[in-house]
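Reader: I am new to this structure. Could we go through it piece by piece?

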Amino acid sequence: MSAYRGRKALLALFAGAAIALSMPGFRFGPLAFVALVPLFFALEKGKGFLMGFLTGVTFFAIDLRWLLTLYRFNPLVVPGYLLLVIYLASYLGLFGLFMAWVRGRKGFDWSLLVFASLGFTFLEVLRAYGPLGIGFSALYLSLYRFPPLIQVVAIAGPWALSAAIVFVNTSVYLALRKRPVYLLTGLGMIGFLAGLFLLPIPQDGEPLKTAVISSNVSQEVKLNGRNLLPLLEEYIALGGEAATQEPDLIVFPESILPGYILRDERLLPEFTRLAQEAGSHVLFGTGDIRGGEIYNSVALISPTGEILDIYSMVNPVPFGEYIPGRRLLAKIGLGSFAASFLPQDLARGEGFSPIDGIGTPICFESTFPMPTRALAARGATLLVTVTNDAWFVGSSELRAHFACAVFRAVETRRYLIQAANGGISGIIDPRGRILQETVGEGILIAEVARRKERSLYTQGGEWPLYLVFAAGALLTLAVRRKIPR
């Protein structure tokens, strides 16, 4: 019996490794279509929660390894990473428990096709919400390099793609375990995904020539206030070089200087002068201080040097920009410990409001579909993500973060510009095709379009997915009742 359980555990571990290998950072995206199959075998007459949990531990430990690059700033990252892996792995444990329950019901095998997709996707959506919500490590990210297969996200959102991937995995499992005919259902799902790429989308709108500034300033240098003026000189020089291309919009990355640009008379005039001399809009990320509170913000300057508007981050990074439950920690005597880790929480912006028709999700916000969908719904005709990935220098986080940008573009049918320091800068079209990308210092010049047409996902959110799930579950349960016991 112990050898039998050992084989089950190995299958679960193998499934976790296979899912991790399909994620951004590796080049085995299509592996996602079969990566869960070993887990389904492991769940046969096995302990559902344990098998799912082992899969989750393996998967998240590998996929989130980039968090360990923060060790150079604080050794507490290591226990934090381990706790996060355990927490996230519990979701796959719950999936295993749910699947064990489904298998224990009398009925027909193809009900697994419905309930496996429903259970996995529900839990993946659930872990994206709340104070510990995380947008990384979602199954749909595995296909970011394959635009022909990801168009469904413009209809029902990114988790519809995760559901489709699980559906294919379940089909392969049933084909191996039961009847080869189930393989046709998996191939049919892949064909359905590919067929959506053939659907036309409306013609592009107003053209806009953009210049994207990509920089590679290390986080250690960026945090040192003594580097303020040298960094200012460096960025203004890059902006001046971009201006020679006569763009309509110049985009800088997130929080480019160790100072408050909008409140510093040494800094702001340099950017207003750049906008005036270039005859361009200039968009940049900066820390901002208002009413004694600190914000992570994006500002847009007009060609006349006027500050048109400011957007401030609504969803800050837990434990990086704010401490969840800080007041509770203070009440139980751990307030000083929280303060030693992060002295002050970042204040939240008032809401997802576009700046002059430009949606500007900041860094962490772009890993979730909700902010960009809200920005597009409120009139954003172009998406611009500003980010600072220098925290995770040289790690797989860079690729994972850029993969998120691909889906944000398709979901909203918007061109998306990503300007990164220490990460990947690029330009993505509304079908998810990467038009340009670069790592390190440089300038990307491209013409995009400001699009007004709203995708079905922008208008309806996840409701189409939920309706399909509800219909499938009800149909399955109705047919089950007619099966003789």
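Reader: Which residues of helix H14 are buried?

Author: This is a predicted model, and helix H14 runs over residues 369–377. Buried here means under 20% relative accessible area. By that cut-off, the buried residues of H14 are Pro369, Pro371, Thr372, Ala374, Leu375 and Ala376.

Reader: What covers the buried residues of H14?

Author: Both helices and strands take part in the cover. Among the strands are E6 (358–359) and E7 (382–388). The helices include H7 (158–177), H15 (397–412) and H16 (456–460).

Reader: Which residue just after H14 takes a positive phi?

Author: Look just past the end of the helix. Phi there is about 110 degrees. The residue is glycine 379.

Reader: Where is cysteine 363, and what is its phi?

Author: Cysteine 363 sits in the loop between E6 and H14. Its phi is positive, although the residue is not glycine. The value is near 50 degrees.

Reader: Is cysteine 363 buried or exposed?

Author: The relative accessibility of cysteine 363 is 13%. Buried means under 20%. Cysteine 363 therefore counts as buried.

Reader: How many disulfides does the structure hold?

Author: A disulfide is a covalent bond between the sulfur atoms of two cysteines. The sulfur closest to that of cysteine 363 belongs to cysteine 404, and because it is 10 Å away, it is too far for a bond. Cysteine 404 is in no disulfide either. The count for the structure is zero.

Reader: What is the relative accessible area of cysteine 404?

Author: Cysteine 404 is buried. The cut-off for that is under 20%. Its value is 0%.

Reader: Where is aspartate 356, and is it buried or partly exposed?

Author: Aspartate 356 is in the loop between H13 and E6. It has a positive phi, near 50 degrees, without being glycine. Its relative accessibility is 43%, so it counts as partly exposed.

Reader: Which residues form the nonpolar patch on the surface?

Author: Together the patch residues have about 480 Å² of accessible area. One of them, phenylalanine 337, is found in helix H13 (residues 335–341). At 46% relative accessibility, phenylalanine 337 counts as partly exposed. The full patch is Leu76, Leu328, Ile332, Leu334 and Phe337.

Reader: How many salt bridges are there?

Author: Side chains of opposite charge can pair when their charged atoms come close. The rule asks for a side-chain nitrogen of Lys or Arg within 4 Å of a carboxyl oxygen of Asp or Glu. By this rule the count is 12.

Reader: Which residue forms a salt bridge with arginine 127?

Author: The closest N and O atoms of this pair are 3.6 Å apart. Arginine 127 is buried, at 5% relative accessible area. Its partner is buried too, at 4%. That partner is glutamate 124.

Reader: Which residue forms a salt bridge with aspartate 288?

Author: The closest N and O atoms in this salt bridge are 2.7 Å apart. The pair links distant parts of the chain, 25 residues apart: aspartate 288 is in strand E3 (residues 281–290), its partner in the loop between strand E2 (249–251) and helix H11 (268–278). Aspartate 288 is buried at 0% relative accessible area, whereas the partner is partly exposed at 46%. The partner is arginine 263.

Reader: What parts does the salt bridge of glutamate 437 and arginine 399 tie together?

Author: The closest N and O atoms of the two are 3.1 Å apart. Glutamate 437 lies in strand E10 (residues 434–439) and arginine 399 in helix H15, so parts 38 residues apart in sequence are tied together. Glutamate 437 is partly exposed, at 33% relative accessible area, and arginine 399 is buried, at 17%. The parts are strand E10 and helix H15.

Reader: Which residues do salt bridges with shared partners join into one network?

Author: Aspartate 288 and arginine 263 form one salt bridge. Both belong to the network, together with Arg290. The network is Arg263, Asp288 and Arg290.

Reader: What is the radius of gyration of the protein?

Author: The protein has 485 residues. A compact globule with that many residues would have a radius of gyration near 23 Å, which agrees with the protein's value. That value is 24 Å.

Methods: Residues are numbered from 1 along each chain as its sequence is written. This is a predicted model: local features need pLDDT of at least 70, side-chain atom pairs count only at pLDDT 80 or more; totals for chains, interfaces and linings use all residues. Side-chain values use heavy atoms; hydrogens and water are left out. A disulfide is a pair of cysteine sulfur atoms within 2.5 Å. Buried means under 20% relative accessible area, exposed over 50%, partly exposed in between (1.4 Å probe, protein chains only). Patches are made of residues with over 30% relative accessible area and no salt bridge: like charges are joined within 9 Å, nonpolar side chains (Val, Leu, Ile, Met, Phe, Trp, Tyr) within 5 Å. Accessible areas come from the Shrake-Rupley method with a 1.4 Å probe; for residues, only the protein chains shown count as cover. Helices (H or I, at least four residues) and strands (E, at least two) are DSSP runs, numbered from the N terminus. Contact means heavy atoms within 4.5 Å. The radius of gyration is taken over C-alpha atoms; the globule rule is 2.2 Å times the number of residues to the power 0.38.
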